[in-house]
Every structure is written in structure tokens, then in C-alpha cells.
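Colleague: Could you take me through one part of this model slowly, as if I'd never looked at a fold before? I'd like to see how the pieces sit against each other.

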Amino acid sequence: MTLTNADITELTALRRLLHQHPEVSGQEQGTAGRITDALLGHSPDRLLTGLGGHGVAAVYQGQDYGPTILFRCELDALPITEQGDLPHRSTVPGTGHLCGHDGHMTVLLALARLLSRQRPARGRVVLLFQPAEETGAGAEAVLRNPDFETISPDYAFALHNMPGLPLGHVGLIPGPVNCASRGMAVTLTGKSAHASEPENGRSPMHTLAHLMPALTALSHGTPQDTDFTLATVTHVQMGAPAFGIAPGDATLYVTLRTLTDGGMQALCDAATTLVMDTATAQGLTTEISYHDIFAHCENHPEATLILRRALDALHVPHNARGLPMRASEDFGRFGQRAKAAMLFLGAGTAHAALHNPDYDFPDDLIPIGARIFHQVARDMLG
Ligand SMILES: [Zn+2]
Ligand SMILES: [Zn+2]
């Protein structure tokens with residue numbers, strides 16, 4: 001069973017509607033409402049809402065006993081102004097679907113159509129529309145929701161579109177596929193002074209000037225190396241925008257990245273030591289906090305093999321190109337509860353990169369993504 005031309009036309013229109021009404025992480029109320037309405041049109045056996053925020057899940061139940069397979073997509077958009085003149089460009093100022101989550105949602109809505117026409121023979125399929133992926137908070141919140149226990153999956157699958165890879169080609173490997181990352185926020189406190197008497201204060205200037213390159217120098221290797229580390233200074237603020245005050249405080253943000261969770265503690269320790277030693281030597285007090293914490297994403301060998309067999313059955317070309325990715329992805333949390341794997345679906349070699357202001361999900365990937373996941377469901381559940 002495949003999608004009809006009418007299905008694809010309707011799904012494409014729905015993808016563009018989602019694109020026009022993006023909502024940032026944790027605020028996906030309108031999107032969740034549209035998804036719920038669409039799913040109700042495809043008669044799921046069970047529909048759960050309010051999962052970990054605005055998360056929605058549809059369950060399609062087989063007659064016989066069997067495993068539960070979860071397919072996951074993301075509801076959220078980004079706080080970035082979309083550029084370009086697409087007819088379906090964002091109508092929300094400062095917010096855009098620039099990671100393609102509108103397309104990932106539509107792939108699962110396509111799957112809902114197919115499953116509503118023919119239920120799995122056994123087990124269950126769960127279609128999960130997860131909130132707040134971009135901040136790393138959503139997967140964790142869904143997993144902590146008591147309702148999730150009732151759909152606890154044996155296997156979990158996800159896809160992410162990947163610009164740079166030929167359209168419709170797939171990147172897939174077992175093992176780590178997305179890096180662990182976390183935001184480290186450093187607050188330095190000294191003492192402000194009159195700008196004419198800076199010697200009477202304790203400015204964080206020299207500490208900042210030392211720390212920015214020193215933290216950056218903690219980076220080495222590529223994600224193909226098991227000891228890959230990357231430290232990216234993302235934000236800095238010192239004192240106030242004034243000419244009369246020598247600054248007495250500063251804030252520095254750095255994003256720390258490692259291939260696996262195992263490597264993250266060592267990088268945190270190295271960064272903390274560097275910050276504390278530098279700041280203390282210059283008479284500053286320091287506070288450190290962590291934000292946007294992403295576990296690394298690990299493809300389980302069995303789940304990876306299941307995806308690979310589906311790709312081979314459909315003659316979809318696949319290889320290891322571009323993997324593991326430097327970027328993070330909170331789907332990794334599902335791998336702590338289920339045999340999980342994620343594939344990367346090529347969005348075209350010349351396609352705008354993810355999070356770029358002119359990015360738009362290629363509609364051609366909707367039926368391709370749906371066919372792959374439908375094949376997985378049929379292979380496993382009949
Ligand atoms: Zn993103
Ligand atoms: Zn994304």
C-alpha cells in the first residue's frame with residue numbers, strides 16, 4: 001500500500017500550512033492542535049495529548065501480541081527570522097521552521113494515513129510528535145510523563161533531513177550518530193569602578209580575553225575520532241554599554257561537544273578548571289551552570305539493521321557519509337529506554353543548511369520518508 005497522488009497533494013499542503021505557523025520549543029500549542037485534528041481524521045486506536053508539554057501520540061494497534069514500535073518527529077520551530085519569498089513562508093515574526101520539523105511531522109501524518117487503512121497485524125505502532133527538541137528538553141519531558149509508560153516502546157525510530165546528502169539518499173550507521181553537547185554559562189563577578197579609576201575595581205576583561213581562546217583550544221579532532229571535543233564560545237557580555245564605568249561583571253557562554261556522553265565529563269572538568277584557575281588568579285568570583293543538555297545519540301545495532309533492511313527492500317541508497325554528525329539531537333534519550341535508531345534523509349547536495357534563514361523542507365521527502373517507515377512497520381508487525 002502506498003500514498004496516492006491525492007494523499008501527497010494534501011500532505012504537501014499540510015506541510016506548508018505547518019511551515020506558515022511555526023512555534024518555538026515548549027510553545028507548540030497551535031501545532032499540536034493541528035496535528036491532533038489531522039490524526040483524528042485517521043482514526044487512531046488511541047490518541048494521547050499533553051505529553052511532556054504539547055506532545056501528541058497516536059497509537060495503531062494490531063490484533064495479535066507483538067512489539068511496540070515508536071516513530072518520533074518534532075513539533076518545534078526556531079527563533080530565527082525566515083528569509084526568502086516562498087509563498088508559504090512563516091507568518092510569525094522572528095520564528096521559522098528552519099530545521100524541517102514541519103516535514104518530519106508530515107512524514108508521520110502520511111504514516112497515519114497508511115496505518116488507518118491497514119492496521120499492523122500484531123503489536124502496536126506509536127506515532128510520537130515530540131515537543132521542544134531544539135532545546136534538548138522535550139524527549140526527557142515526554143519520557144518522564146506517566147502516560148508514556150502505557151506506550152513504552154520496544155523499538156524507537158526517527159529521521160532527520162540532511163542537507164548536503166543527495167536528495168532521497170540515506171545516511172545510516174550503528175553506534176554514535178549525534179554528539180553529546182551542553183551549554184556552559186559562566187558568570188564572573190569582580191567590582192565595578194569609575195572609568196577614570198579602573199585600578200580601584202576588579203574588571204573581568206583580562207579573564208575574558210584569556211578564556212575565550214583558551215576554551216576554544218580545548219577543541220580537537222573530528223566526530224570520526226572517539227575523543228572528539230569541540231568548545232564554541234557563543235556569547236559574551238561585560239559590564240554595561242556605558243563610558244563612565246569600568247566593568248565589574250561578565251557573562252560568557254560556551255557550548256561543549258563530545259562524541260559520547262562518556263567524554264563529556266572530562267571536557268566539563270577541563271573547562272571548569274580553566275575558568276576557575278583564571279578567574280581566581282584575577283580576584284573574581286565565578287558561577288557555572290549548564291543548559292540545553294543533550295545526551296549523545298546512539299544507534300542500536302539491531303534497530304540499525306532493521307532500518308537497513310527496509311532501505312534495501314526499497315532500493316534506497318544508503319551509506320555512512322556525514323556521520324557521526326557534530327550536531328546534537330535529543331532522540332538519544334529514547335535509546336536509553338528502547339532499541340533505537342535514527343536515519344538521515346538527504347535533502348539535496350545544494351540545499352540550504354539546517355537553521356539557515358533560507359532553509360525549507362523538500363516536499364519530495366514526504367513520500368520517501370513515509371515509505372521507509374511504513375516498510376519498517378510492515379517488516380516488524382506485518
Ligand atoms: Zn534543529
Ligand atoms: Zn531538527
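Modeller: Sure, let's look at the sheets and what packs on them. In this predicted model, eight strands make up an open sheet with mixed pairing, and going across it you meet them in the order 1-2-4-3-5-16-6-15. At its edges are strand 1 (46-51) and strand 15 (318-319), each of which pairs on one side only.

Pick one pairing to get your eye in. Strand 2 (residues 55-61) runs antiparallel to strand 4 (residues 122-130), and six bridges join them. If you want a spot to click on, Ala57 has Leu128 of strand 4 as its bridge partner. Now look for helix 7 (residues 301-313). This helix lies across strand 5 (155-162), strand 6 (170-171), strand 15 and strand 16 (339-346), and its angle to strand 16 is about 40°.

Next, the nonpolar residues. As a rule of thumb, nonpolar side chains in soluble globular proteins tend to be buried together. Here the largest nonpolar core has 58 residues, and Phe71, Leu127, Phe129 and Phe157 have the most contacts inside it. There is also another core, apart from that one, with 27 residues that include Leu51, Cys297, Met325 and Ala338. Go back to Phe129 for a moment: if you skip its neighbours within four places in sequence, its contacts include Ile35, Leu39, Val56, Cys73, Leu75 and Met105.

While you're here, find the zinc ions. Zinc ion (ligand 2) has three protein donors, Cys99 (SG), His101 (NE2) and His160 (NE2), at 2.1 to 2.3 Å. Along the sequence, these donor residues follow the spacing C-x1-H-x58-H. Cys99 also bridges to the zinc ion (ligand 1), and the two ions lie 3.2 Å apart. Both Cys99 and His101 are buried.

Now slide over to the other sheet. Its four strands form an open, antiparallel arrangement in the order 10-12-8-13. Here the edges are strand 10 and strand 13 (285-294), each pairing on one side only. On average, neighbouring strands in this sheet are turned by 20° against each other, ignoring direction.

Follow strand 12 (residues 249-258) here: eight of its ten residues are buried, so the rest of the structure largely encloses it. On one pairing, strand 8 (residues 180-189) and strand 12 are antiparallel over ten bridges, with Ala180 partnered by Thr258. On another, nine bridges join strand 12 to strand 10 (residues 229-238), again antiparallel, and there Met238 has Ala250 as its partner. Strand 8 also pairs with strand 13 in the antiparallel sense, through eight bridges, and Met184 stands opposite Tyr290 of strand 13.

Two helices pack here as well. Helix 5 (residues 205-216) lies across strand 8, strand 10 and strand 12, at about 160° to strand 10. Helix 6 (residues 261-281) packs on the sheet, touching strand 8, strand 10, strand 12 and strand 13, and its direction makes about 15° with that of strand 8.

One label from a record to finish. An unreviewed UniProt entry annotates residues 182-261 as "domain: Peptidase M20 dimerisation". In the model, the end C-alpha atoms of that span lie 10 Å apart, and the span is 16% helix and 40% strand.

Note on methods
Residues numbered from 1 in each chain as written. Chains lettered and ligands numbered in written order. Predicted model: local features only at pLDDT ≥ 70, side-chain atom pairs only at ≥ 80, totals over all residues. Heavy atoms only, no water. Donors = N, O, S within 2.8 Å, 3.2 Å for Na, K, Ca; no water. Buried < 20%, exposed > 50% of the residue type's maximum accessible area, 1.4 Å probe, protein only. Helix = DSSP H or I, 4+ residues; strand = E, 2+ residues; numbered from the N terminus. Pairing = 2+ DSSP bridges. Contact = heavy atoms within 4.5 Å. Axes fitted to C-alpha atoms, helices over the stretch in contact; angles between N-to-C directions. Core = buried A, V, L, I, M, F, W, Y, C linked by side-chain atoms within 4.5 Å. UniProt positions renumbered as here; feature names shortened; annotations may be inferred.
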